[in-house]
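Dear colleague,

Please find the structure below, together with its sequence. My notes on one of its interfaces follow.

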There are 8 protein chains.
Amino acid sequence: MDRNQLESLARRLLAGEVSLEEFLDETSCREIADLGDAQVDLDRPRRCGFPEVVFAEGKSVAAMEKIFEALLRNGADVLATRVSAEQAAGLLEKYPAARYNAVGRTFRIPGGGREGEGREGYEGKVTIVGAAVRMIQDVGVAGPHRLTANLPLLAESDAVVVVAGMEGALPSVVGGHVACPVIAVPTSVGYGASFGGVAALLGMLNSCASNVAVVNIDAGFKGGYVAGLIAKNMAKQRRLRDNPTSV
Amino acid sequence: MDRNQLESLARRLLAGEVSLEEFLDETSCREIADLGDAQVDLDRPRRCGFPEVVFAEGKSVAAMEKIFEALLRNGADVLATRVSAEQAAGLLEKYPAARYNAVGRTFRIPGGGREGEGREGYEGKVTIVGAAVRMIQDVGVAGPHRLTANLPLLAESDAVVVVAGMEGALPSVVGGHVACPVIAVPTSVGYGASFGGVAALLGMLNSCASNVAVVNIDAGFKGGYVAGLIAKNMAKQRRLRDNPTSV
Amino acid sequence: MDRNQLESLARRLLAGEVSLEEFLDETSCREIADLGDAQVDLDRPRRCGFPEVVFAEGKSVAAMEKIFEALLRNGADVLATRVSAEQAAGLLEKYPAARYNAVGRTFRIPGGGREGEGREGYEGKVTIVGAAVRMIQDVGVAGPHRLTANLPLLAESDAVVVVAGMEGALPSVVGGHVACPVIAVPTSVGYGASFGGVAALLGMLNSCASNVAVVNIDAGFKGGYVAGLIAKNMAKQRRLRDNPTSV
Amino acid sequence: MDRNQLESLARRLLAGEVSLEEFLDETSCREIADLGDAQVDLDRPRRCGFPEVVFAEGKSVAAMEKIFEALLRNGADVLATRVSAEQAAGLLEKYPAARYNAVGRTFRIPGGGREGEGREGYEGKVTIVGAAVRMIQDVGVAGPHRLTANLPLLAESDAVVVVAGMEGALPSVVGGHVACPVIAVPTSVGYGASFGGVAALLGMLNSCASNVAVVNIDAGFKGGYVAGLIAKNMAKQRRLRDNPTSV
Amino acid sequence: MDRNQLESLARRLLAGEVSLEEFLDETSCREIADLGDAQVDLDRPRRCGFPEVVFAEGKSVAAMEKIFEALLRNGADVLATRVSAEQAAGLLEKYPAARYNAVGRTFRIPGGGREGEGREGYEGKVTIVGAAVRMIQDVGVAGPHRLTANLPLLAESDAVVVVAGMEGALPSVVGGHVACPVIAVPTSVGYGASFGGVAALLGMLNSCASNVAVVNIDAGFKGGYVAGLIAKNMAKQRRLRDNPTSV
Amino acid sequence: MDRNQLESLARRLLAGEVSLEEFLDETSCREIADLGDAQVDLDRPRRCGFPEVVFAEGKSVAAMEKIFEALLRNGADVLATRVSAEQAAGLLEKYPAARYNAVGRTFRIPGGGREGEGREGYEGKVTIVGAAVRMIQDVGVAGPHRLTANLPLLAESDAVVVVAGMEGALPSVVGGHVACPVIAVPTSVGYGASFGGVAALLGMLNSCASNVAVVNIDAGFKGGYVAGLIAKNMAKQRRLRDNPTSV
Amino acid sequence: MDRNQLESLARRLLAGEVSLEEFLDETSCREIADLGDAQVDLDRPRRCGFPEVVFAEGKSVAAMEKIFEALLRNGADVLATRVSAEQAAGLLEKYPAARYNAVGRTFRIPGGGREGEGREGYEGKVTIVGAAVRMIQDVGVAGPHRLTANLPLLAESDAVVVVAGMEGALPSVVGGHVACPVIAVPTSVGYGASFGGVAALLGMLNSCASNVAVVNIDAGFKGGYVAGLIAKNMAKQRRLRDNPTSV
Amino acid sequence: MDRNQLESLARRLLAGEVSLEEFLDETSCREIADLGDAQVDLDRPRRCGFPEVVFAEGKSVAAMEKIFEALLRNGADVLATRVSAEQAAGLLEKYPAARYNAVGRTFRIPGGGREGEGREGYEGKVTIVGAAVRMIQDVGVAGPHRLTANLPLLAESDAVVVVAGMEGALPSVVGGHVACPVIAVPTSVGYGASFGGVAALLGMLNSCASNVAVVNIDAGFKGGYVAGLIAKNMAKQRRLRDNPTSV
């Protein structure tokens with residue numbers, strides 16, 4: 001908010017055209033839940049479309065519970081990433097209804113409320129293509145006829161997430177077949193000169209397909225998040241098209 | 001096309017339900033203009049939404065002309081990236097109506113036809129935030145109140161491209177204010193331990209904002225391409241909403 | 001298969017000159033065994049000369065069994081690489097006749113059939129020279145007279161695999177004595193500035209001997225595979241020479 | 001001490017203007033406690049403002065005790081860094097009054113004497129801003145309004161220590177709001193292309209804020225030490241101002 | 001400014017206790033000179049103690065003039081870093097009174113006014129020790145008796161800047177002799193495995209002296225800036241001591 | 001030759017069963033042309049199948065002429081690699097019949113004699129697939145249908161050389177379609193995180209296709225050499241098959 | 001041995017001027033103990049001054065015993081490096097008189113004979129200076145007066161081994177005080193940007209002292225070996241001086 | 001000199017047992033020629049055996065002349081390294097009798113005096129083996145019989161300098177044939193994954209020959225210096241042996 005906007009708003013406050021509460025809503029800092037040693041960003045769903053995600057690595061169970069409580073009190077969904085089995089065990093005692101995904105290392109507690117904010121859009125069309133995890137993908141590039149069989153599915157996606165280790169070439173191949181963004185996730189699967197995913201990361205950054213963007217090594221959550229944002233925004237437009245009075 | 005689909009189509013060909021021409025259109029290799037030492041992918045607009053882009057680095061002017069001719073014959077727009085001033089000078093003699101962007105090193109010749117294919121959607125809402133090129137961005141992170149002034153513009157974007165050199169922190173800051181994907185473009189602006197853009201690249205890959213995806217160092221074209229795809233697809237939905245009979 | 005070839009074949013189908021089955025064999029996608037979460041490439045022996053090799057790292061025993069079954073049903077040999085002792089123990093319960101090589105970490109189940117495809121050529125003349133594993137090789141470069149004693153054996157090889165850690169100089173020495181390709185395998189044996197095999201890898205890539213090609217660090221299987229391909233193809237020619245009516 | 005100074009002093013010694021003791025105090029090597037296999041620098045408080053700090057990694061408990069004793073005999077505080085839990089357990093048997101900080105891995109024994117030397121100044125105004133350890137900091141950059149709330153505290157600091165992992169952008173943001181040095185401490189918190197803190201380190205080295213200096217990855221002690229030196233020297237000036245006869 | 005502070009201020013505005021102008025001064029965005037394609041941060045002297053510094057690399061002379069004008073109009077000093085000889089030549093035509101330092105590549109135009117802001121403190125005691133530029137420093141570490149001669153000078157510094165290339169060991173040596181922060185500036189002087197300053201940078205980051213903080217390779221300006229901040233703040237305290245009514 | 005072999009040969013010499021000349025031919029060092037400051041390896045055609053190749057980078061024209069003369073005197077072909085335009089101009093004055101390939105930077109003088117040694121086999125079936133040089137290859141991976149059209153040619157090769165820059169994925173794709181070794185040549189074509197060919201190199205080393213071996217970045221000569229060796233040896237077998245009395 | 005030398009020797013053999021045994025001693029390959037899967041270089045003491053050293057990492061106890069036996073049979077000392085505690089335990093059962101150094105990870109069995117070969121010279125004057133292991137060295141560079149106290153010892157050394165981790169600056173300091181070679185051994189002691197010893201290695205390679213040569217990270221054995229060679233050769237000359245009829 | 005030694009010496013000074021001059025010679029700082037912006041270490045010949053060597057890179061001709069004059073005034077030889085052709089041209093105007101070695105980039109002015117100090121020993125037996133500069137070395141490793149011919153020369157060396165680029169394997173080969181230290185000099189000759197000499201450097205650091213120590217990339221001067229020190233010290237012992245009254 002620049003000085004001019006602020007001046008205009010202040011004049012309207014002085015003129016009684018806006019209430020003090022409205023004035024403060026417009027100008028004050030966004031809501032923060034101050035927990036002493038942690039401050040939770042409660043404004044994020046409104047601003048960014050999804051509630052804050054908790055990075056669990058290196059946090060104690062007690063510290064996480066404190067954060068979770070602040071989020072739940074505000075009706076937000078709780079999602080934590082890179083949660084170890086030990087952390088999950090401790091958290092599940094407190095939140096038995098939560099779900100821990102041991103492979104993805106995510107921990108999720110469904111929130112309670114404030115419907116309409118950052119919640120409606122969990123649909124959309126994201127296709128995930130993976131490599132070097134299951135056998136079919138090990139040879140993804142070297143056996144491209146298998147990709148071919150899935151082209152119709154790819155063609156109607158809003159965004160495609162391609163997960164690949166080793167040389168990380170699969171996003172390039174997929175990128176050449178679709179008219180939507182490809183979010184490439186390099187993984188640390190491989191050995192020797194894969195350097196823990198660096199080879200795949202570099203391969204993806206240098207992709208000759210123009211529609212490939214990349215996230216961090218093993219950042220499956222972030223890859224899905226970006227693709228999900230695209231799909232969610234597209235789905236919102238489709239809903240508007242089908243039901244122009246919605247939103 | 002898998003064996004079952006092919007068998008079904010072949011039976012319809014034998015039954016006369018599809019013509020040979022239709023059969024071939026469905027099953028044969030996509031159109032390729034074989035130029036001897038180069039084969040131009042003419043099917044790309046249909047498949048990927050944009051015509052093929054020519055990577056000019058290391059190509060002779062003669063080789064590029066050959067490729068351009070094939071594209072123009074098919075009514076496609078010509079766009080070449082990483083075009084040096086020398087290459088551009090040579091090309092402009094042949095294509096005086098083309099436009100060379102010396103800063104972006106792009107060369108563009110408006111195509112002639114096949115309207116309706118990969119052409120309609122060059123609108124959409126992409127905001128580009130840059131750093132370390134012009135002065136305002138040099139201190140983008142250290143002077144965040146300047147970013148604040150532009151938040152309304154950012155908030156209504158379909159995608160944001162953030163270009164930054166040095167420590168590459170700007171995408172994280174922008175990412176915390178928007179509900180759309182941020183496509184981060186690291187640049188080689190900097191010195192010493194910026195290592196030609198590696199510091200910015202790593203900073204962006206490790207962004208704590210979940211909505212940031214990254215492209216190659218100095219890959220401004222690719223960053224714009226991915227954001228453009230998102231915006232184009234969104235714009236298409238908006239057109240459909242406003243004019244449901246279009247497409 | 002380009003459009004012309006396809007048109008010609010389709011006309012022959014319409015003319016009854018080829019059967020539908022023959023037509024499909026020529027044009028359809030290669031055989032894939034779709035296992036739900038894995039698709040096994042059964043066409044590989046015909047196309048590449050060897051059946052598909054399973055990369056075991058990170059796969060569950062159950063997932064591997066599913067893949068093995070698909071391969072065995074088609075009469076293919078099963079070979080898995082980078083198999084841990086734990087994985088092997090689980091697999092041996094199911095396949096007691098299989099052989100697990102604990103040093104090479106390979107798991108092998110002899111296939112049952114389809115003789116004549118990718119099977120006849122497991123001979124050929126490959127010599128493997130190793131270093132930094134057993135004592136004689138530790139000083140391979142520093143004690144070259146030991147290499148000299150083995151020159152006659154090297155001279156008649158179709159391909160030589162040289163395995164070396166530390167500075168990775170042995171392939172250069174061997175390369176100067178033979179008239180066949182040397183496939184160099186860098187290993188992670190070493191410490192400090194060997195950087196897990198990077199020193200050996202770089203040494204081999206920069207070999208001043210022109211006949212040295214390199215595979216990944218610790219990629220013993222791949223090194224043997226490439227050399228085996230060369231030897232197999234040479235052996236095939238020798239059989240043809242000795243018995244011109246074979247193949 | 002150059003030859004001229006030494007000659008002058010020696011002439012004064014010969015002339016009886018300085019005692020032998022005074023002469024030796026001026027010219028001899030600084031005090032070293034020679035412990036056989038270790039020599040403890042006892043002169044450091046006078047020279048550097050703080051007693052010597054013991055780097056514990058790789059030292060036996062017995063070796064450390066020997067060093068601690070020499071320091072304590074001279075009235076110095078004992079501070080050891082990077083002390084493992086095992087080392088601490090052993091040391092606490094001998095020094096039950098000592099304090100072990102398990103998170104910071106420091107071990108501290110309050111010294112006994114020589115007041116007035118390097119002791120008075122443990123006050124000063126250092127603010128520590130951390131990221132990627134507790135939740136509030138995970139999003140430090142992406143949620144800058146939380147930083148804003150703490151600006152008054154930052155503004156009156158003599159030095160600020162900013163601890164951050166991942167992309168390490170927080171020091172840049174803080175640097176743009178204060179008129180004192182920012183000591184940036186990159187941490188190894190992160191994954192994938194954070195490369196154990198390298199991404200954060202590079203981000204901080206390339207900070208576009210001119211008042212940011214950097215220490216080693218995970219070198220929290222050093223970061224605090226440098227900031228503490230600045231604050232201590234400032235505090236000394238303030239005491240002098242308030243009480244000009246002190247020092 | 002948090003919501004409570006803002007509410008309090010707004011109530012005072014409504015109560016007429018503060019004027020609209022005062023209200024805006026406290027709450028609005030800091031002063032920005034919007035130049036179209038550049039926004040100059042005019043608030044920096046008040047906030048950070050020094051006016052904004054212009055990073056010249058990659059900027060046109062015209063772009064810089066625009067920024068310089070905005071700064072000069074506000075009475076700020078102009079300082080640009082990494083200015084090439086070509087840029088300087090162009091700028092000197094416009095600003096003949098400016099001074100270009102060809103070795104340091106800085107360009108400086110003395111500002112005109114607003115005395116009392118960020119101007120008074122350009123004194124303080126900073127000692128600069130350099131290496132690998134002039135001969136005495138080439139052997140700085142290997143000939144430490146030369147350093148010894150300068151110890152008295154070092155001992156009374158508020159901060160020491162140590163510039164060194166090659167192995168970058170000099171900051172460690174200096175650090176062991178002083179009780180103030182040492183700001184280490186690695187340079188790209190060297191060859192081979194100095195890797196453009198990386199060896200010096202790593203040496204400084206790993207310094208066993210606890211009072212060494214580091215800036216980017218060849219970042220002489222930043223090294224001086226941090227040391228200058230420390231000295232300026234110390235000088236301010238000394239002035240207050242000598243003249244308690246000042247500031 | 002070990003001591004036993006040598007003893008046996010020496011006894012036969014003493015017994016007059018072999019002449020002194022024969023004894024020396026068997027036991028002495030291989031032929032070296034000692035040129036003072038260079039020693040040319042004239043035995044290489046017999047030992048390695050091709051004459052010695054001269055690495056021109058950093059050599060003076062005079063030094064090269066000296067080496068060329070020694071090779072030509074012995075009837076060997078002369079081939080030099082990495083020859084600059086300047087070097088070539090100087091050499092062409094002396095050897096007007098030689099051919100300089102400015103793109104490949106090779107210099108070649110047809111030798112005169114010693115037919116039958118390392119000369120007969122310059123045929124064989126090597127297919128070269130290139131990428132990122134000409135347009136068709138820029139999109140090699142992203143437009144795989146173009147590769148498909150060339151499968152019959154690839155299928156009958158003795159070896160395939162695949163040249164690729166950027167992400168270097170093409171060898172994986174080609175490797176999945178052929179039953180012969182693929183020699184992958186990474187090139188430095190690309191920008192940003194291609195790091196001068198490192199991305200392509202890593203991609204190729206990590207190829208999931210087992211039949212891919214790699215040579216140095218931009219080592220087109222070496223890639224062709226290894227493939228040529230394979231093809232030559234295969235061609236020799238075919239000649240033997242067709243004309244068993246040859247060789 | 002070139003052809004001329006060989007011819008001359010063969011003529012003397014034919015002339016009966018040298019015996020067959022003498023002829024073979026001069027010309028045959030050096031002694032190798034062929035152990036099947038290992039060939040021990042027994043000629044090394046004569047050629048290189050010390051017997052072969054066994055690199056234990058990755059070898060089984062059985063494989064080492066086989067090699068040890070071959071060495072002991074020939075009267076050589078046995079020395080193995082990088083021997084783990086597990087390997088040592090196994091070897092001590094067989095060789096109870098051997099000595100295992102758990103810190104240095106060496107295993108040594110005194111040999112039995114062939115006195116006069118590579119044995120006499122285990123004296124010489126090597127000084128070892130260490131850093132970052134014991135406390136005195138932690139501050140080796142930052143507390144140089146401690147080094148000063150040891151200068152007389154350093155001054156009379158034939159060679160100095162300097163072991164240092166962290167920034168690896170100590171060799172430079174020592175190098176400036178001695179007229180003999182300094183063999184620098186970087187260690188992996190350190191954290192963060194020490195990168196497992198890389199910082200120390202680079203520091204040492206870039207030492208501004210001209211008499212510093214470097215060995216691998218943690219290669220204490222090699223550092224001592226090179227220094228020992230120098231000292232041994234010097235000691236031999238001193239013995240010759242004192243007792244000219246010796247050797 | 002520790003406090004005890006100093007006290008003893010001071011007592012002898014007071015007792016008149018040593019003169020003031022003698023006292024100062026023993027205790028004062030070593031001679032330094034203070035040139036204002038450079039301080040020349042004139043004590044180096046006595047301390048280190050050779051006069052100071054000037055690192056020319058980045059120094060102006062005027063700055064070098066100032067340093068040269070100080071050295072020449074003290075009778076020292078002048079040797080400068082990494083001198084460009086431009087610098088040499090300027091220096092030769094002033095010192096026409098000096099010799100510039102354009103290949104080695106060294107500049108040398110014979111000194112005038114102080115015979116007996118650091119001058120007598122410029123003999124000794126150093127053998128230099130080079131690779132990748134002249135043709136014979138390009139294939140040094142791949143054609144080891146050429147090395148064999150030079151073994152007698154190597155065997156009688158006091159130290160061997162081995163210069164090699166590319167994979168840097170030659171030092172290992174040479175190391176296996178000699179009983180003296182091998183000083184390995186990696187060069188930046190090569191391309192692609194030689195990374196400007198890094199591949200050679202790593203190869204040499206990881207050499208399996210225990211007698212190989214390494215200097216910086218392209219540090220030919222340092223390699224020769226270390227070897228020269230060894231040879232000089234050996235030669236001194238030989239002179240003492242032959243003429244026990246010398247030195």
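In this predicted model, the contact between chain E and chain D draws 36 residues from chain E and 36 residues from chain D. Together the two chains bury about 3300 Å², with 60% of that area on carbon and sulfur atoms. Of the area that chain E buries against chain D, 18% is supplied by E:Leu205, E:Ser210 and E:Gln237, more than by any other three residues.

As to polar interactions, zero salt bridges are found across the interface of chain E and chain D. Five residue pairs are in polar contact there, both residues being at pLDDT 80 or more.

On the side of chain E that touches chain D, the elements giving two or more residues are α3 (44–48), α10 (198–205), β10 (212–214) and α11 (220–242) of chain E. The greatest contribution is that of α11(E), with 12 residues. Sorted by class, this side of chain E comprises 20 nonpolar, 12 polar and four charged residues.

The two chains are also related by symmetry. A turn of 179 degrees and a shift of 0.0 Å along the axis lay chain E on chain D with an RMSD of 0.1 Å, which means that the relation is that of a two-fold axis. Within chain E, the C-alpha nearest the axis belongs to E:Arg241, at 2.1 Å from it. Both copies use the same surface, as 100% of the contact residues of chain E recur in chain D.

With kind regards

Methods:
Residues are numbered from 1 along each chain as its sequence is written. Chains are lettered from A and ligands numbered from 1 in the order in which they are written. This is a predicted model: local features need pLDDT of at least 70, side-chain atom pairs count only at pLDDT 80 or more; totals for chains, interfaces and linings use all residues. Side-chain values use heavy atoms; hydrogens and water are left out. Contact means heavy atoms within 4.5 Å. Buried area is the accessible area (1.4 Å probe) that two parts lose on being put together, summed over both. A salt bridge is a side-chain nitrogen of Lys or Arg within 4 Å of a carboxyl oxygen of Asp or Glu. A polar contact is a pair of N or O atoms within 3.5 Å; within protein, one must be able to donate a hydrogen and the other to accept it, and residues adjacent in sequence count only if both atoms are side-chain atoms. Helices (H or I, at least four residues) and strands (E, at least two) are DSSP runs, numbered from the N terminus. Ala, Val, Leu, Ile, Met, Phe, Trp, Tyr, Cys and Pro count as nonpolar, Asp, Glu, Lys and Arg as charged, and the others, Gly among them, as polar. Copies are superposed by least squares on the C-alpha atoms of residues with pLDDT of at least 70 in both.
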